[in-house]
Amino acid sequence: SQNDRARAFFHRSRASEVLDMLDQRYPDAKERAELRAKLIDVYATYGEADAVIREGNRFLSQYTKAPERTRVSIAMADAHARLKQVAEELAVYKRLLEELSAAYGGVPVGTTVTGNQQNSNVRSPDYVRILDRYIGRLIAEKRTSDALAVYRGEIERNANDPGIYERFAAFLEQHAALEFAAAGS
């Protein structure tokens, strides 16, 4: 058992060294970002939270336009959660929402309502997923007022996105029903 763990550790360490060498010899290779993201995935799989955070921060600073940024950020948030670093985890969600919002011109959800029918055409499923995780985490921490503040900030940032308003209305409706049920018990 110990040999298997040591072997896996050695392979991860060697992979990191090979990627460092690739960075030095072929700094323009477009595969570098994907390979780094895969290494971070491996660290996450083996529960190496510190390595995920360290390499994730390095990745985010090096690869400002990489499509793997969301995946790496989620791995970092999960690592912070494992280490019980709630503030850092929430900061990852906040930064990621800002990035995704900017990438979609302030309309990351883009749900439209026509007549009595709702036509959902989500522009960024990642944005919706991160927003849900962020809000869910705040609710799990019993920080409802902070969840409301997140929605307020997202509405300010994405004022022309009807999908944000719809999600906020659904949140208020759900939590009003929960409050009513709790008051009745």
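Tyr 151 comes out buried in this predicted model, because its relative accessibility is just 4% and the cut-off for buried is under 20%. Phe 171 follows suit, at 5% relative accessibility, so it counts as buried too. Together with Phe 168, Tyr 151 and Phe 171 make up one aromatic cluster.

As for ring pairs, the count comes to 4 aromatic pairs. In one of them, Tyr 93 and Tyr 134 sit with ring centres 5.8 Å apart and planes at 40°, so this pair is tilted. The pair bridges distant parts of the chain, with Tyr 93 in helix H5 (residues 86-103) and Tyr 134 in helix H6 (residues 125-140), 41 residues apart. Both Tyr 93 and Tyr 134 are buried. Back at the cluster, the rings of Tyr 151 and Phe 171 have centres 5.2 Å apart and planes at 40°, so that pair is tilted as well. Tyr 151 belongs to helix H7 (residues 144-157) and Phe 171 to helix H8 (residues 162-184), so the pair ties together parts 20 residues apart in sequence.

Then there is Val 109, which turns up in the loop between H5 and strand S1 (112-114). Loop or not, Val 109 has 1% relative accessibility and therefore counts as buried. Leaving aside residues up to four places away in sequence, Val 109 touches Asn 121, Val 122, Arg 123, Tyr 127, Val 128, Asp 161, Gly 163, Ile 164 and Arg 167. For Arg 167, that contact spans 58 residues along the chain, with 9.3 Å between its C-alpha atom and that of Val 109.

Conventions. Residues are numbered from 1 along each chain as its sequence is written. This is a predicted model: local features need pLDDT of at least 70, side-chain atom pairs count only at pLDDT 80 or more; totals for chains, interfaces and linings use all residues. Side-chain values use heavy atoms; hydrogens and water are left out. Rings of Phe, Tyr and Trp (its six-membered ring) pair if their centres lie within 6.5 Å; planes under 30 degrees apart count as stacked, over 60 as edge-to-face and the rest as tilted. Helices (H or I, at least four residues) and strands (E, at least two) are DSSP runs, numbered from the N terminus. Buried means under 20% relative accessible area, exposed over 50%, partly exposed in between (1.4 Å probe, protein chains only). Contact means heavy atoms within 4.5 Å.
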